[in-house]
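Colleague: Before we talk, could you put the sequence and the model side by side, so that I can follow along while I ask my questions?

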Amino acid sequence: MATGEQASPPGLATRRSLGKRFRDAIAPILASKVALVGLGLVSFWVVVAIFAPLITPYGPLEHDLEAMNLGPSLEHLLGADNLGRDLWARLIYGARTILILAPLSVFCALAVGATLGLISGYFGGWTDEVVMRLLDAIMAFPAILLYLIIIFALGPSATNVVIAITIAGTPGIARLVRSLTLDIRTREYIAAAKLRGENPFYIMFVEILPNARGPIIVDAMLRIGYAVIAIGTLGFLGVGLPPPAPDWGSMVAQGRIYIWINPWPVLWPSLAISSLVIGLNLFADGLREETMRYQ
Amino acid sequence: MAKFIVRRLLLMVLTMFLVTIIVFIILEITPGNIARRILGPFATPEQEESFRRQLGLDQPAYMRYLNFLIGSDWRAERLVGMPLRRIKRPGTEFYEWWATNKDDALIRWKLEGEDLIALRLQANGTVVESIDNDRWQTDEAGASTFWGIDLHDRAVLWTRGGQGYWVRSKGGGWWVEKAGGPQKWIPLQKGILRGDPGISVQTGRPVAGTLFRRLQNSGILAGLAFVIVMPLALVLGLIAGLNEGKTLDRILSIGGLAGTSTPSFATGIFLVLIFAIWLRLVPGVTVFASQRAILEKPEMLVLPVLTLALVELGYVLRITRASMVEVMRSDYIRTAFLKGLPYWRIVFKHALRNALMAPITVIMLHVNWLMGGLVVVEAIFGFPGLGNYIYKAGLWKDVFAVEAAAVVMVFLAVGTQLVADIIYTFLNPRIRYA
């Protein structure tokens with residue numbers, strides 16, 4: 001399906017001006033309403049996360065004992081939790097954590113998974129067999145089981161959450177990259193690179209990987225959405241970030257105890273996670289449809 | 001076909017084997033141990049060490065892995081020099097290990113002072129005690145030792161007048177030092193391959209029995225959710241797919257997307273908020289008299305089932321919709337329209353069968369996801385199921401329990417995948433596996 005445009009040698013791409021390349025890159029996003037809505041939702045959270053201290057006068061750990069368990073008011077836009085902490089402040093500082101951890105863990109999984117997938121697909125044979133069987137075994141785990149076992153073993157912390165999501169995400173990415181590699185490996189420009197006597201790793205990372213980027217990027221977008229849900233779920237189960245970090249999942253878990261008198265601390269972070277994941281999914285969906293149309 | 005199935009079965013065995021090793025390594029290489037968690041912060045290092053040895057935690061890791069996999073009784077049999085037998089204690093889920101004497105009588109031992117006391121199980125279930133000092137084996141240095149089975153289902157190396165060790169006395173959980181006695185312990189188990197993954201250190205119960213009941217409970221939960229959600233999701237997905245681009249489709253699609261994008265814990269909490277707190281229709285937690293009796297209070301199952309159903313609904317709906325849209329756009333459907341066939345006939349006779357192929361396979365492959373939902377739903381409602389079990393066991397680093405539960409979960413996931421692949425070849429004759 002991807003001929004011409006995709007298969008052009010890298011030299012051609014660099015000759016185009018930077019502005020044109022940028023326009024080419026965002027064209028599919030602008031063309032799709034779905035992707036734009038998604039981008040809007042995600043940008044909202046990115047912006048509030050970046051400018052968190054400017055948006056709210058409160059800190060995420062600041063107590064206002066008079067506002068304990070109060071609903072939304074002018075003073076506390078979204079209300080306050082059982083310790084009188086401003087929910088809006090906790091929400092946007094929580095956005096910071098999740099917007100760093102989720103992409104980071106997907107990026108780590110991408111680095112490991114893409115490397116394994118490239119090696120497996122490019123070399124084939126025994127390497128392929130061993131790597132894929134091992135990854136199959138990891139993939140056989142229901143994701144939640146793997147998260148729980150890893151975090152129970154390593155202890156709950158931000159780093160370990162990233163490690164758990166990286167390990168659980170690697171096999172899927174490796175499979176995708178491997179299948180793309182198997183396809184691209186047969187192209188002429190790869191044969192040309194081999195004839196030039198390029199190092200296999202140069203071929204893998206410079207010739208193959210950039211030409212496989214389309215599906216990988218869409219997949220990564222979806223994965224960031226899953227990672228957000230996973231981090232939230234782990235926080236909810238009490239094995240995510242240790243308190244009192246403003247983590248959306250643990251906010252829900254904590255607010256649950258007081259749900260009878262004050263449902264707001266549970267409601268807002270749940271809605272926050274949903275909106276962020278919906279945004280990421282819409283963005284990925286729109287992107288996929290548009291890039292498929294372009295090809 | 002047969003070749004394909006055999007190959008897949010072999011791969012499945014390999015996968016399960018790797019899974020047990022992966023779980024064991026992850027739990028082994030990391031710090032923290034269950035002995036410390038059970039004893040609490042006030043136990044002395046000597047007490048902890050003694051307790052670890054009584055649990056068999058002092059054995060090397062590969063040995064404990066073998067214990068888990070194929071049991072420790074065969075090893076103990078060689079040390080004791082008598083065949084060992086596991087019998088069920090009547091009326092409970094517990095098992096007892098006994099050695100079989102030459103006269104076929106079942107026998108165990110305990111140490112009192114320097115005397116070895118033999119307990120012989122009689123045919124009527126009573127136990128007769130007698131002094132059995134003849135069994136001491138004295139070596140050149142004059143030390144008397146004996147490998148036997150103790151009252152706590154362990155193979156034990158007793159030494160006459162040996163060093164002290166720590167035991168927990170029954171009242172209050174305090175630790176008392178006992179002089180003389182056991183020096184080495186091997187907790188007896190048959191191994192998961194023979195249906196006995198061992199004793200949960202945290203609860204003191206056999207893992208297999210508890211796990212089985214938890215599996216049943218989770219099965220009931222997932223089964224009910226499945227029965228509700230599948231017809232609903234398929235019908236809604238088909239409706240959305242047939243109305244592609246119209247308002248109805250928009251509403252259903254966005255609803256489906258919102259459903260899949262909302263984490264299951266949020267869905268559960270919303271439902272509790274609406275049905276248990278605002279409307280007060282059903283209870284928001286599940287409290288059962290015992291783990292066996294989850295069907296006695298059906299109203300407590302409503303919210304867990306509903307949550308699990310909603311978690312699944314959006315996903316299956318979206319897949320079905322996409323599949324239906326694709327089929328309705330295909331050439332053969334256009335031909336059917338051009339032939340002038342009635343709309344509903346085209347939908348039911350021509351489109352439906354092909355449109356349902358994708359969702360059905362996806363449903364089978366979806367077990368992994370379902371388990372994620374199970375763990376969360378069981379945590380929200382305190383439901384005594386498999387997810388809850390693995391969560392609690394993991395918190396305690398209860399290796400055998402975690403490992404056995406993981407094996408069961410992975411087996412279910414891999415097994416359904418295999419079945420899905422086989423069903424798929426029947427549904428779609430174009431696919432031929434080598």
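**Strands, helices and a cavity**

Colleague: In the hairpin of S2(B) and S3(B), which residue takes a positive phi near 70 degrees?
Modeller: This hairpin has five residues between its strands, where strands are DSSP runs of E of at least two residues and helices are runs of H or I of at least four, both numbered from the N terminus. Residues are numbered from 1 along each chain as its sequence is written, while chains are lettered from A and ligands numbered from 1 in the order in which they are written. The model is a predicted one, in which local features need pLDDT of at least 70 and side-chain atom pairs count only at pLDDT 80 or more, although totals for chains, interfaces and linings use all residues, and side-chain values use heavy atoms, with hydrogens and water left out. In that hairpin of S2(B) and S3(B), the residue with a positive phi near 70 degrees is Asp104(B).

Colleague: What is the bridge partner of Thr100(B) in S3(B)?
Modeller: Strand S2 (residues 95–100) and strand S3 (residues 106–112) of chain B are antiparallel and pair over two bridges, and two strands count as paired if DSSP finds at least two bridges between them. In S3(B), Thr100(B) has as its bridge partner Leu106(B).

Colleague: How many bridges join S3(B) to S4(B)?
Modeller: The hairpin of S3(B) and S4(B) has two residues between the strands, and Gly113(B) takes a positive phi near 60 degrees there. One bridge pair is Ile107(B) with Arg120(B) in S4(B). The two strands run antiparallel, and the number of bridges that join them is seven.

Colleague: Which residue in S5(B) stands opposite Ile117(B)?
Modeller: Strand S4 (residues 115–121) of chain B runs antiparallel to S5(B), and five bridges join the two. Opposite Ile117(B), in S5(B), stands Ile131(B).

Colleague: Why is one side of S1(B) and of S5(B) left without a neighbour in the sheet?
Modeller: Five strands of chain B form an open antiparallel sheet in the order S1-S2-S3-S4-S5. Neighbouring strands of this sheet are turned by 45 degrees against each other on average, direction ignored; axes are lines fitted to C-alpha atoms, for helices over the stretch in contact, and angles run from 0 to 180 degrees between N-to-C directions. Strand S1 (84–88) and strand S5 (127–131) of chain B stand at the edges, so one side of each is left without a neighbour, because each has a single partner strand.

Colleague: In the sheet S6-S7-S8-S11 of chain B, which strands stand at the edges?
Modeller: Four strands of chain B form this open sheet, and the pairing is antiparallel. Each edge strand has a single partner strand, so one side of each is left without a neighbour in the sheet, and the two are strand S6 (137–138) and strand S11 (181–187) of chain B.

Colleague: About how many degrees does the direction of helix H5 of chain B make with that of S7(B)?
Modeller: S6(B) pairs over two antiparallel bridges with strand S7 (residues 144–149) of chain B. Helix H3 (residues 45–54) of chain B packs on the sheet and touches strand S8 (154–159) and S11 of chain B, its direction making about 50 degrees with that of S11(B), where contact means heavy atoms within 4.5 Å. Helix H5 (residues 73–80) of chain B also packs on the sheet, touching S7, S8 and S11 of chain B, and its direction makes with that of S7(B) an angle of about 140 degrees.

Colleague: Which element gives the most to the lining of the largest cavity?
Modeller: The structure holds one cavity of 30 Å³ or more, a cavity being a set of points on a 1 Å grid over the protein atoms alone where a 1.4 Å probe fits but cannot get out, with lining residues having an atom within 4 Å of a point. Helix H6 (87–123) and helix H13 (248–256) of chain A each supply at least two residues of the lining, which includes Leu87(A), Arg90(A) and Met251(A). With three residues, the element that gives the most is H13(A).

Colleague: What is the mean pLDDT of chain A?
Modeller: Chain A has 14 helices and zero strands, and pLDDT, the predictor's confidence in each residue from 0 to 100, stays under 50 over its residues 1–11. In chain A, 90% of the residues reach 70 or more, and the mean is 83.

Note on methods: On a 1 Å grid over the protein atoms alone, a cavity is a set of points where a 1.4 Å probe fits but cannot get out, and a pocket is an open set with protein on both sides within 12 Å along at least five of seven lines; lining residues have an atom within 4 Å of a point. Grid points are joined across faces, edges and corners, and a volume is the space filled by probe spheres set on the points.
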